[in-house]
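Here is a short walk through one protein model, written to be read with the structure open beside you. Please turn the view as you go along.

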Amino acid sequence: MTDTMNNLHRLLKRQLHNCLKNTEPNSELESFINAINESYMTYDKERLLLERSIDISSREYNENMQKIRTLHSQLVQQEKMAGIGQLSAGVAHEINNPLGYTQSNLETLKKYLEKIKTFLDTLTTLENDTKTNPDNIAIEQLWQMIQKSMADNKINLIIDDLDDIIDESVVGLNRIEKIVKSLLGFSRASSMEFEDYDLNKGIEDTLAVAHNEIKYTTKVIKELGKIPYIRAAGGTINQVLLNLIVNAVHAIKGTAHEGILTIKTYKKNNFIYCSVTDNGTGIAKENLNSIFTPFFTTKPVGVGTGLGLSIAYDIIVNKHHGKINAESELGKGTTFIISLPIKEGKEVAS
């Protein structure tokens with residue numbers, strides 16, 4: 001039995017030593033011990049295979065999760081760019097319009113400046129003549145010459161027009177500045193850096209970016225309350241707002257009546273709220289529970305990715321620990337309500 005004992009599984013060997021001491025087992029017991037030993041050996045092999053399989057599966061799982069995280073990040077970025085891309089023509093128009101008349105005004109000012117220079121040259125010539133030959137030019141004659149130069153160069157018209165040109169140009173440049181600053185709010189939509197965020201300003205920026213999409217079909221009613229700044233990744237919140245507003249406008253375009261988009265913000269308990277309500281086509285009851293599911297869409301094939309609301313849900317719920325809900329009635333419209341926890345930053349937003 002000594003040779004047999006040497007070949008036994010270590011655990012079985014220890015157990016037999018404790019039980020049998022120095023007793024020699026008979027042949028039947030030895031056969032039984034060999035059978036148990038075989039089971040121990042088989043168990044060890046299967047456990048080793050299982051551990052290796054778990055290790056491989058674990059590594060594959062981690063690799064797949066990393067791929068999923070990378071893919072998710074890419075999808076978020078692509079959805080952001082798709083949203084901005086859909087509005088790019090409108091944004092370009094919103095910039096080109098004030099840019100166009102500002103450029104035109106500058107060209108007009110350049111022409112006016114040439115006429116003013118010509119008039120000043122006339123005055124300078126007359127001044128030199130009166131100094132050189134003071135007795136040869138009568139006051140009446142001098143005044144007529146000045147009047148003629150003013151008329152030829154349309155000085156009175158220029159003076160009357162200057163204020164309007166400058167005011168119009170300032171309005172145009174301010175409009176461009178507002179759009180550019182609003183676009184900057186979307187430039188970091190993939191960043192999860194939390195900072196002081198003004199939800200009311202985020203709404204204003206989003207409306208500025210989407211203005212061309214909105215203005216032909218929808219009247220916007222803003223009821224923005226006095227709410228505090230919160231700690232948030234502002235670019236991603238703006239992305240959510242853009243998605244909700246554009247979806248609302250598209251729903252309104254599917255109706256024959258005047259579109260009304262109402263945006264409210266308010267504070268309640270430890271949360272700030274934003275509701276986006278439209279009087280569009282609405283969402284069917286059977287689809288309402290699926291709208292935040294990735295790739296779910298009621299839009300025609302080729303229109304939309306079905307990712308906008310699922311990404312919005314991830315940004316609000318998973319990233320900011322808030323809530324996003326939808327209420328809708330087919331044919332009457334939809335309301336989305338976002339709530340975000342208050343971790344106050346600086347002063348209260350106006």
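What follows covers helices, salt bridges, a charged patch and two loop residues.

This is a predicted model, in which local features need pLDDT of at least 70 and side-chain atom pairs count only at pLDDT 80 or more, while totals for chains, interfaces and linings use all residues. Residues are numbered from 1 along each chain as its sequence is written, and side-chain values use heavy atoms, with hydrogens and water left out.

Let us begin with helix α6, which spans residues 199–209. Helices here are DSSP runs of H or I with at least four residues, strands are runs of E with at least two, and both are numbered from the N terminus. Nine of the 11 residues of α6 are buried, so the helix is mostly covered. Buried means under 20% relative accessible area, exposed means over 50%, and partly exposed lies in between (1.4 Å probe, protein chains only). Among the buried residues of α6 are L199, I203, L207 and V209. At the N-terminal end of α6, D198 acts as a cap, with a side-chain oxygen 3.0 Å from the backbone nitrogen of N200. A polar contact is a pair of N or O atoms within 3.5 Å; within protein, one must be able to donate a hydrogen and the other to accept it, and residues adjacent in sequence count only if both atoms are side-chain atoms.

A second polar contact belongs to helix α8 (residues 234–253), where T236 is found. The side chain of T236 reaches the backbone oxygen of A233 at 2.7 Å. T236 counts as buried because its relative accessibility is 2%.

Now to the salt bridges. A salt bridge is a side-chain nitrogen of Lys or Arg within 4 Å of a carboxyl oxygen of Asp or Glu, and the count comes to 11. Three of them are set out here, with N to O distances.

| Pair | N to O distance |
|---|---|
| D152 and K148 | 2.9 Å |
| D205 and K201 | 3.0 Å |
| K319 and D314 | 2.6 Å |

Salt bridges that share partners also join D44, R47 and E51 into one network.

D152 and K148 are four residues apart in helix α4 (residues 139–152), so about one helical turn separates them. D152 is partly exposed at 45% relative accessibility, and K148 is exposed at 53%. D205 and K201 are likewise four residues apart, about one turn, in helix α6. In general, an α-helix has 3.6 residues a turn, so residues three or four places apart point the same way. D205 is buried at 11%, whereas K201 is partly exposed at 44%. For the remaining pair in the table, D314 is buried at 13% and K319 is partly exposed at 30%.

On the surface, D160, D163, D164, D167 and E168 gather in a patch of negative charge. Patches are made of residues with over 30% relative accessible area and no salt bridge, with like charges joined within 9 Å. One of the patch residues, D164, lies in helix α5 (residues 155–184).

Finally, take a look at two loops. K154, in the loop between α4 and α5, has a positive phi near 55° without being a glycine. N269, in the loop between β4 (259–268) and β5 (271–278), also has a positive phi, of about 55°, and is not a glycine. Most residues other than glycine have a negative phi. K154 is partly exposed at 47% relative accessible area, while N269 is exposed at 64%.

Key:
Patch = residues over 30% accessible without salt bridge, like charges linked within 9 Å, V, L, I, M, F, W, Y side chains within 5 Å. Areas by Shrake-Rupley, 256 points an atom, 1.4 Å probe, with all protein chains shown as cover. Lys, Arg positive; Asp, Glu negative; His and termini not counted. Charge placed at Lys NZ, Arg CZ, Asp CG, Glu CD.
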